[in-house]
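Good morning. I will go through one structure in a few minutes, beginning with some terms. Please have the sequence and the 3D view open.

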There are 2 protein chains.
Amino acid sequence: MARIADQQADFPQWYLDVIEQAQLAEHAIVKGCIIFKPYGYALWEAMQRDMDARIKDLGVENAYFPLLIPESVMAKEKEHIKGFAPECAVVTHGGGKELTEKLYIRPTSETIMYTTFAKWIHSYRDLPLKINQWANIVRWEMRTRPFLRTLEFLWQEGHTAHATKEEADKMAEDALAMYADFDREMLALPVLKGKKPDHDKFAGALYTLTTEALARDGKAIQAGTSHNLGQGFSEAYDMSFLDTEGKSQRPWITSWGVSTRLIGTVIVVHGDTKGLRLPPSLAPIQVVVVPIYKSDEEKTAVLEACDGLKRALSENIRIKVDSREEKSPGFKFNEWEVKGVPLRIELGPRDLKSGNVVLVRRDTLEKQTVPLTECTDFRMRSLLQEIQDGLYAQAKGFMDSHTYETDSHEEFTKLLEGEGGFVWAPWDGTVESANRIKDKSKATIRLLGDAAKAKGKKDLISGEAAKEYALFAKAY
Amino acid sequence: MARIADQQADFPQWYLDVIEQAQLAEHAIVKGCIIFKPYGYALWEAMQRDMDARIKDLGVENAYFPLLIPESVMAKEKEHIKGFAPECAVVTHGGGKELTEKLYIRPTSETIMYTTFAKWIHSYRDLPLKINQWANIVRWEMRTRPFLRTLEFLWQEGHTAHATKEEADKMAEDALAMYADFDREMLALPVLKGKKPDHDKFAGALYTLTTEALARDGKAIQAGTSHNLGQGFSEAYDMSFLDTEGKSQRPWITSWGVSTRLIGTVIVVHGDTKGLRLPPSLAPIQVVVVPIYKSDEEKTAVLEACDGLKRALSENIRIKVDSREEKSPGFKFNEWEVKGVPLRIELGPRDLKSGNVVLVRRDTLEKQTVPLTECTDFRMRSLLQEIQDGLYAQAKGFMDSHTYETDSHEEFTKLLEGEGGFVWAPWDGTVESANRIKDKSKATIRLLGDAAKAKGKKDLISGEAAKEYALFAKAY
């Protein structure tokens, strides 16, 4: 097996090496697209399964809208098309003929969905309308990186319509809270939640909420976003409803999404020098059993014990016995470590004789010898939960120890030049100052904190009175 | 609620009416595309969930390949591009620039997948390779009909590579058998299985197997196909492996798929004059409870009893209490009949007093009064199974009574001019004779039966010695 680049020395290469060695994905022929290999796609399937239930718990129903959007439909919301048209793939021919109107491959589905919402919504009784879609998306990105930014990606997009701004606010916040719960419980991912600055909101939105995680190289990574789209799209797509008093009103719209970028997020937050580390809730294989033997006699006894373990544990645990003959135990240990399997059980003839097995946790790489009789369903599940919690605690510890506050531009620059991380700092609220910071240190505002904390402070660059307390970081 | 056209008098309009009234789908702005509404999409979700497990039981892993295929990649297998290029949507611009090479939106993924398979397959140890993908597909169809033929549709496509023709034959047959099992157990759908004639096989295949169902208007409908692609694609995409003796060989390839057309198939096979009839295995709602009351006092008691039923049954049964206030019981009966819910429970104050409920089966529209205490989980599940079996038996009865054999062209024509159906007849094996039949009676060969039955018989049209015993029908 090829080596993985040193995580500290060359994080970008380490990232690509992990994806290759763990067999998550590979580059496709079309530049910027990737092939999701079975192990990588299994991560997306697990995320989908879990999140789909959470989405349904919010009273949202799944539907499916077309891939292709006519140019005239895209163009109705002016900010939106300005933001998205430059990164669209355009279909100009179909069925052997040139089309009379160009079709965009969806870069997101607001425009096509809201054209239909306008037909579905007539009265306050039709609200709230809550729709979700699992779909593929194409955005013509120039600088791509597997999972983190690809030309085509997979995602879910929730779209809801409400009678009042307050309801839409609540929906946008509920969606964000659902994402943060999912991040913690499923991905062992600590995130910060907050509002994006106006200059970085979704094209056409009133405001955008975000969850931001911190990668091990000190860069921020946007994990999910939720937008209150206000009434702009309602107007552009001519949605209206009669309220309880019979007056015509424009509905308030939200949209929110997460994508296969979450796979990249798991890699850059949890991965270590040996490769991937998967939280047990997410892992396609939670426990791998590696048999060790030399003679045929040993083989029979050891494999029998391994199968016994599998039978005993497989009701509640995703367990695999790696009985490949052509690979050595050492090769297998390495492969499953690279692939991030949370728990490894090693079982050889000497263990069998002494009635023990060796357990190796992927989160700590700690080895322990444990009586075979203690490898019960209950014990193993507790251990997996410990690993889940352990990964969360490690990531949280890293994030907390890399989150700073400063009023000084000098210190700000120093912090971001070092190990990176999140830096809270006062901001005067102007795009100009945000851009100057970006030009100097490549840091952008990830989200806005408690504005009260900015009181009496000055913007790092302009020296003007600060209006916002902003979280800065270099970002993916 | 608007009326549904008479099924006997105008089947095509009946079909469109059912889709509209049952809220399954609606036309999208791009001609030929549909919007899958929540109730329609829920059918696809149920099919996916069930079939995904069957696919994995065949040892197949899910993956995901790109939507966009460069023209040069599509063009490598000559028969394939000849068959598909005319119905492709073509992307010529991306990121605001004209592309140097046209990209096709996948009309099927053989070409893009096999480009990658060639990189994954080196030795006999890498075989069999079994990959499945759930994806959207675009084919530029001119004459579309919701679910049955749409410009964009959803499907799964399995693609496998094997060391020998025998293994590929077996895989193609196993996939077809899996489809037929799924059709019966999940969709209550009887199908005939067999090989397509050569002139109707998949572009580039060695042979194509098919499952064919019979709609209530006497037309055949292809429900799923499975292809042994031979070694043609292996050569075109330069796949090879070293066999156990170290010799370089070309793998044998299969591909197989079913699509959202299955939703249309369920409608045209099971639907009746009142609308959709859903097999319980598939139904998003298996049991609907409709409360009936006038006074507030009655309302409290009746709703309480309805909720009690729901609590008692919801562990194993997908049950819904329709407690909408603004709709009358009559409206609800009609709506759930149109939507094909297998079992309705009506519960009013008089029933409550006598300790009974009224059960209405959607398959037979039969009403029965049953003691509330007998509405147990076991009893209801048995009843749902009875309905599942009942729908299958009805469809099987219809298919059997509309399957004919004839040696006479006159009788053949008469049979197909009447109520339609499947007609077995001898065929000389030439495209010319098949085309002449098609020109005269619009019937095509759906699949080939036991060739031995053709012995000594003559082709219906040419009068030449028959070589095949073929199943003819008008088709969707």
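Two strands are said to pair if DSSP finds at least two bridges between them. Helices (H or I, at least four residues) and strands (E, at least two) are DSSP runs, numbered from the N terminus.

Some housekeeping. This is a predicted model, in which local features need pLDDT of at least 70, side-chain atom pairs count only at pLDDT 80 or more, and totals for chains, interfaces and linings use all residues. Residues are numbered from 1 along each chain as its sequence is written, while chains are lettered from A and ligands numbered from 1 in the order in which they are written.

Now find strand E17 of chain A, residues 343–347. Which strands does E17(A) pair with? One of them is E15(A), residues 287–291, in the parallel sense and over five bridges. Another is E18(A), residues 356–361, where the sense is antiparallel and there are four bridges. Look at Leu343(A): in E17(A), this residue is the bridge partner of Val287(A), and Leu343(A) also stands opposite Arg361(A) in E18(A).

Next, burial. A residue is buried if 20 or more other C-beta atoms lie within 10 Å of its own, exposed if 12 or fewer, and partly exposed in between, with C-beta atoms placed from the backbone. In E17(A), four of the five residues are buried, so the strand is largely enclosed by the rest of the structure.

After E18 of chain A comes a loop leading to strand E19 (367–371), and Leu365(A) sits in that loop. Its phi is near 60°, a positive value in a residue other than glycine. Is Leu365(A) buried or exposed? Leu365(A) is partly exposed, because 13 other C-beta atoms lie within 10 Å. In chain B, Leu365(B) also has phi near 60°.

Move to the peptide bonds. Leu127(A) and Pro128(A) are joined by a cis peptide bond, with omega about -10°. Pro128(A) lies in the loop between helix H5 (110–120) and strand E7 (129–138) of chain A. In chain B, a cis peptide bond joins Leu127(B) and Pro128(B), again with omega about -10°.

Last, the two chains. Copies are superposed by least squares on the C-alpha atoms of residues with pLDDT of at least 70 in both. A turn of 180° and a shift of 0.0 Å along the axis lay chain A on chain B with an RMSD of 0.0 Å. That is the relation of a two-fold axis. Of the residues of chain A, Val91(A) comes closest to the rotation axis, at 2.1 Å (C-alpha).
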